[in-house]
Amino acid sequence: MEFGEASTILIEKVTERSLSGGLEMFVVESKGGAILCMLMSLLFLGTWPAVLAFLERRGRLPQHTYLDYSITNLLAAVIIALTLGQMGDAKPGMPNFITQLSQDNWPSVLFAMAGGVVLSIGNLSTQYAWALVGLSVVEVVSSSITVVIGTTLNYFLDDKINKADILFPGVACFLIAVIFGSLVHSSNASDNKRKLSHLSSGVTDRGNKINSDSTKGASSLTQTSIDKANSMDPENGKESKVGAAFGTAEFLIELENKRSIKVFDRSVWLGLAITFFSGVCFSLFSPAFNLATNDQFHLLEKGVPHLVVYTAFFYFSVCCFVVAIVLNIIFLYRPILNLPKSSFKAYLADSNGRCWAFLAGFLCGFGNGLQFMGGQAAGYAAADAVQALPLVSTFWAILLFGEYRKSSRRTYILLVSMLLMFIVAVGVLMASSGHRK
């Protein structure tokens, strides 16, 4: 079914219900509607990491950013629950959001909350990993681990409604993407070391020599002097700093001096270890949500309806919010990775970039909601196609942050191979979509 046809059918159903005397609670039920939700989720979930990485590179403490992000991430779930989950008449076996809050459905609620815990820890881990190994590589590796483990679990939890002969080749493509992602990072790290070694030996990318005394320690390296005529502000005649070109050694040093998490002299393996840990966390949140909405273990009392996706998402997001707030307040006073100490008062006073962090929270919240809506209709294993978010985040990494600029030919070949593997994986996983009865 084409996406345009799916949208038309959804609109026709809403119109028919309104003419027949009232709206029913909106639930995605068609395969085409589910795929549409997945594509929108892919866009949102691939964009919010770039927003947070942008703020870190501007020097904003990740604790401050994540506290802001957590507020709107929860708000997105509340909006979805009070609109899609509450407007219209309840459907058979699907009570409205407010009604379900008072029902005895705690076994399912606990699964939803467990999913929120692991997602919150995973998101928090990736915020530090982005600085250490780069946005695109973190998204590739963590997302691929999520698909390899999470999709397999969801396939069996969903009673094999997805086509195994199509689904698991798609999982294999994600696994290959992990290998390419690691090779891309290794090659790009070697390229950056080569650029910095040229600079420290007295040769810059512009061909100018610099004083060897200024190259002692990465933090003491500064951008080479440039012609005064090019550095004058035409309006007030004062000197203005001209940013280094993307991909140059001067750009890497300039970025190191501005960003909040210092990455020079950090172990590559530390960043990759954090990335793999976040991937394991991400691989568990979708199966936990699946258990919350479908009660495969039959833990609910007889006659108690399953959690509707909107109610489960609300509990999921509340727990995600609580964990994020508690951990980040701890990190304010006991920071990791040699970040400066902060305080709750300093956080409240730090409004620089707050709107961007709020935007990231909304994008992640609505992206997760759309993923779950699509998964409930077409199978959570197929919905894991949204983990191809590196297709989007790598685009932002190249466009906004200059990642991979002036890299070696080997790095470019590996990068293209990685992205192509993701494109194939997305197509294959979506083709495996089933239909939940």
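User: What span should the 23 residues of helix H15 (residues 409–431) have, and how far apart are its end C-alpha atoms?

Analyst: This is a predicted model, numbered from 1 along each chain as its sequence is written; local features need pLDDT of at least 70, side-chain atom pairs count only at pLDDT 80 or more, and totals for chains, interfaces and linings use all residues. Side-chain values use heavy atoms, with hydrogens and water left out. Helices are DSSP runs (H or I, at least four residues), numbered from the N terminus, and the expected span is 1.5 Å times one less than the number of residues. For H15 that rule gives 33 Å, which agrees with the distance between its end C-alpha atoms, 33 Å.

User: Is Gln-387 buried or exposed?

Analyst: Gln-387 lies in the loop between helix H13 (380–383) and helix H14 (390–401). Buried means under 20% relative accessible area, exposed over 50%, partly exposed in between (1.4 Å probe, protein chains only). Gln-387 has 6% relative accessibility, so the residue counts as buried.

User: Which residues is Gln-387 in contact with, leaving aside neighbours within four places in sequence?

Analyst: Contact means heavy atoms within 4.5 Å. One of the partners, Phe-422, is a buried residue of H15. The full set is Ser-143, Thr-146, Val-147, Phe-174, Phe-285, Gln-371 and Phe-422.

User: Which residue forms a salt bridge with Glu-403?

Analyst: A salt bridge is a side-chain nitrogen of Lys or Arg within 4 Å of a carboxyl oxygen of Asp or Glu. The closest N and O atoms of this pair are 3.3 Å apart. Glu-403 sits in the loop between H14 and H15, and its partner in helix H2 (residues 31–57), 346 residues away. Glu-403 is buried at 10% relative accessible area, and the partner is Arg-57.

User: Why are Asp-191 and Arg-194 separated by about one helical turn?

Analyst: Their side chains meet in a salt bridge at 3.9 Å, N to O. Asp-191 is buried, with a relative accessible area of 5%. Arg-194 is partly exposed, at 36%. The two are about one turn apart because, within helix H7 (residues 164–200), their spacing is 3 residues.

User: Which residues are linked with Arg-60 in a network of salt bridges?

Analyst: The whole structure holds 5 salt bridges. Arg-60 pairs with Asp-68, the closest N and O atoms being 2.8 Å apart. Arg-60 and Asp-68 are buried. The network links Arg-60 with Asp-68, Asp-350 and Arg-354.
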